[in-house]
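Work through the exercises below with the sequence and the structure open. Try each task before reading its solution.

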Amino acid sequence: MIRLLLGGVIGASLISAITPASLFERPPGTASTFVVRAAADEQAPFDPYEKSIGELQTALEKGQTTSRQLVESYLARIDAYEQQGPRINAFIALNPAALETADALDAERKARKVRGPLHGIPIVIKDNFDTADMPTTGSSIALATHRPVRDAFQVARLRAAGAIVVGKTNLHELASGIVTVSSLGAQTRNPYDPTRNPGGSSGGTGAAIAANFAAAGLGTDTCGSIRIPASHNSLVGLRPTYGLTSRAGVIPLSHTQDVAGPLARSVRDVALILDATVGIDPDDPVSAAGRGRAPRSYVDGLAAASLKGTRLGVLMPLFGDAPEDGEVGGIVRASLDTAKQHGAAVVEMPMPNLTELLRATSVIDAEFKFDLSDYLSAASAPPVRSLGEILDRGLYHQALDGSFRRRNAIESRDSESYRTSLARREEARKAILGEMDAARVTAIVYPTLRRKAAPIGESQAGTNCQLSPTTGLPALSVPAGFTPDGLPVGIEFVGRAFSEPDLLKLGAAFERATHAHRPPASTPPLGDPRASPPAVALGTLSPPVVSSSSPVVRTRFRQPSPNVLSYEIAVDGVTAQDMLLVGLHRAAPPAPPGSPASPAQAGFVIARFLRTGELAGSGEIALREADREDLAAGRLFLRLFTRQQPLGAGQFPLTLTFR
């Protein structure tokens with residue numbers, strides 16, 4: 001766990017730079033909380049908290065607010081809760097042009113040129129979508145300076161529809177996991193319990209929407225990366241049919257499993273984002289499969305949707321049979337009981353062969369290394385060119401070490417096992433569709449995950465992610481309820497190919513029947529008494545122990561307990577604009593005897609002290625047993641990354657003096 005002070009890209013310094021002082025001011029005695037100041041004779045400012053896209057659009061049409069004011073309100077919430085309070089840590093970067101874009105869209109509205117339902121609506125984008133006006137990092141320090149020349153297809157479509165990109169969100173590094181930890185973005189926290197993970201890999205997008213930092217957002221899903229954050233954050237998330245939407249301009253994980261899609265607080269808002277982002281794209285030939293498949297609008301029919309006449313197939317194996325599966329399974333079953341009360345027929349689908357059907361159908365390991373290389377080869381002056389180079393230079397978080405090395409060891413794009421996996425997919429698809437037809441169901445249902453969000457630092461168990469990517473069928477995760485300790489639980493609906501209109505209607509009717517969404521308590525409306533976080537005292541720190549010249553890294557550490565390292569850190573000789581990261585690294589193991597030395601090789605990132613744009617900060621990190629051993633043995637060091645030296649500007653050994 002890292003606790004950082006504000007500053008830099010997503011702290012007060014940027015918000016100060018892009019927010020006029022006439023609109024925001026710091027209350028006396030506070031470090032970074034902004035408040036909106038209104039004259040006494042003015043009505044209270046419009047609060048976008050928990051407002052749907054439709055409600056925001058109505059307020060804009062009636063003149064109750066402007067797009068600029070919406071962006072300012074979301075920025076104030078980000079400032080209050082992102083690096084203070086619960087320290088959600090959802091963002092990699094805020095968009096410095098967000099207010100300028102809002103002003104332009106307000107001017108269009110004043111001239112009666114409204115582009116549609118997303119005109120002037122603030123959204124967030126997962127930072128594996130290309131953006132021409134901001135770096136696209138995949139939350140990896142290896143790509144911190146990567147600047148694409150144009151927007152990803154879906155980002156361009158959203159901008160054309162009038163959406164405002166507030167910022168780019170953290171993800172599990174290069175989308176390779178489900179708890180959202182990365183070398184550049186560190187650990188994102190779940191707003192419903194900041195000691196737990198927000199899901200992943202689109203966890204930054206999920207946490208940002210749940211915390212009301214924007215109205216909606218984009219994620220990607222290779223095996224659960226939209227649906228898992230939706231479940232963990234009481235949101236709606238859609239994994240579209242493979243081929244319905246374009247992935248062009250998205251850092252790939254697996255080209256035969258990747259899709260991109262929306263997350264939001266309601267089914268209708270998901271449908272509005274889908275309306276804007278579907279379309280045939282010659283840069284992604286797979287999207288040709290969606291030709292003629294999209295309706296006039298995915299919103300049509302949602303208001304009148306009903307559960308009466310629907311038939312839901314409960315896929316029993318995905319409820320699990322371990323004692324730990326019972327809590328979530330019980331909540332999902334209770335939500336299905338509510339659906340029955342509103343007219344749905346619910347039938348069990350035993351499918352005892354399901355585990356065998358889905359076995360060995362994932363090809364992420366086989367495709368990632370080569371797909372990433374293709375993406376980097378097509379980029380303009382990428383900072384690295386391969387997964388192997390990322391590994392050699394230690395430009396990744398330690399949590400990714402095992403999966404990255406396993407995937408980098410794959411020697412060929414084609415193999416017998418790879419071809420077998422692709423063939424097994426088609427067999428599974430036919431079997432699933434056959435079972436659906438035999439049971440005459442509208443959709444298959446099961447828990448999005450069988451377990452609630454795990455504590456930070458622990459692995460996340462219970463994912464049911466594979467059925468949809470194996471079959472290519474669409475999957476919609478909708479809130480089903482909460483555990484007794486207040487953690488969200490999601491239910492997943494899987495429909496037939498290109499059945500998104502029916503799936504969204506089913507989700508909307510279920511949503512109205514259950515009313516299962518509620519906002520997190522850790523990020524209440526600004527002005528709520530709960531919105532004032534207590535101060536954090538760090539205690540006495542030891543003398544400086546690390547220094548260098550041009551630039552200078554000044555640090556002070558103490559170890560208040562065996563499992564915690566407290567720190568203060570400042571960097572001189574580097575401007576905030578040039579600062580990328582100060583990370584804590586583990587030294588690379590020595591090369592085998594007789595092997596050539598590799599000066600580029602370095603240990604991976606364990607934790608992040610300073611992020612992009614920050615020159616000073618303090619906080620604590622949790623030490624695992626291996627970290628404590630390496631600290632005692634002198635195998636930990638600090639590493640500075642700047643825009644001039646994006647692959648590392650020096651290594652400073654870390655030692656502690658005990659007093």
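Two strands count as paired if DSSP finds at least two bridges between them. The model used here is predicted.

**Exercise 1. How many bridges join strand 16 to strand 17, and in which direction do the two strands run relative to each other?**

Solution.
Step 1. Locate strand 17 at residues 564-572.
Step 2. Count the bridges: eight of them connect strand 16 with strand 17. A pair needs at least two.
Step 3. Compare the directions; strands 16 and 17 run antiparallel.
Step 4. Pick out one position across the pair: Ser566 in strand 17 lies opposite Arg558.

**Exercise 2. What is the order of the strands in the open sheet of three strands, and which are its edge strands?**

Solution.
Step 1. Read the order, which is 16-17-20, with antiparallel pairing.
Step 2. Look for strands that pair on one side only: these are strand 16 (552-561) and strand 20 (616-622), the edge strands.
Step 3. Add the twist, which averages 20° from one strand to the next.

**Exercise 3. Describe how helix 8 and helix 16 pack.**

Solution.
Step 1. Two packed helices are described by the angle between their axes and the distance between the axes.
Step 2. Helix 8 covers residues 267-277 and helix 16 covers residues 500-514; the angle is about 155° and the axes are 9 Å apart.
Step 3. An angle over 145 degrees counts as roughly antiparallel, so helix 8 is roughly antiparallel to helix 16.
Step 4. List the residues that meet: Val267, Val270, Ala271 and Leu274 come from helix 8, and Glu500, Leu504, Gly507, Ala508 and Glu511 from helix 16.
Step 5. Sort this contact by class: six residues are nonpolar, one is polar and two are charged.

**Exercise 4. Which elements have the lowest and the highest mean pLDDT, and over which residues is the pLDDT below 50?**

Solution.
Step 1. Start with the whole protein, where the average pLDDT is 89 and 88% of the residues score at least 70.
Step 2. Turn to the elements: helix 1 (residues 12-18) has the lowest mean, 27, and strand 9 (residues 236-239) the highest, 99.
Step 3. Mark residues 1-41, where the pLDDT is below 50; beyond near neighbours in sequence, this stretch has 109 contacts in the model.
Step 4. Mark residues 533-549 as well, again with pLDDT below 50; this stretch has 39 contacts beyond near neighbours in sequence.
Step 5. Where pLDDT is low, the predicted coordinates should not be read in detail.

**Exercise 5. How many helices and strands does the protein have, and what percentage of its residues count as buried?**

Solution.
Step 1. The protein has 17 helices and 22 strands.
Step 2. Of its 659 residues, 59% count as buried.

Notes. Residues are numbered from 1 along each chain as its sequence is written. This is a predicted model: local features need pLDDT of at least 70, side-chain atom pairs count only at pLDDT 80 or more; totals for chains, interfaces and linings use all residues. Side-chain values use heavy atoms; hydrogens and water are left out. Helices (H or I, at least four residues) and strands (E, at least two) are DSSP runs, numbered from the N terminus. Axes are lines fitted to C-alpha atoms, for helices over the stretch in contact, and angles run from 0 to 180 degrees between N-to-C directions. Angles under 35 degrees count as roughly parallel, over 145 as roughly antiparallel, 65 to 115 as roughly perpendicular and the rest as oblique. Contact means heavy atoms within 4.5 Å. Ala, Val, Leu, Ile, Met, Phe, Trp, Tyr, Cys and Pro count as nonpolar, Asp, Glu, Lys and Arg as charged, and the others, Gly among them, as polar. pLDDT is the predictor's confidence in each residue, from 0 to 100. Buried means under 20% relative accessible area, exposed over 50%, partly exposed in between (1.4 Å probe, protein chains only).
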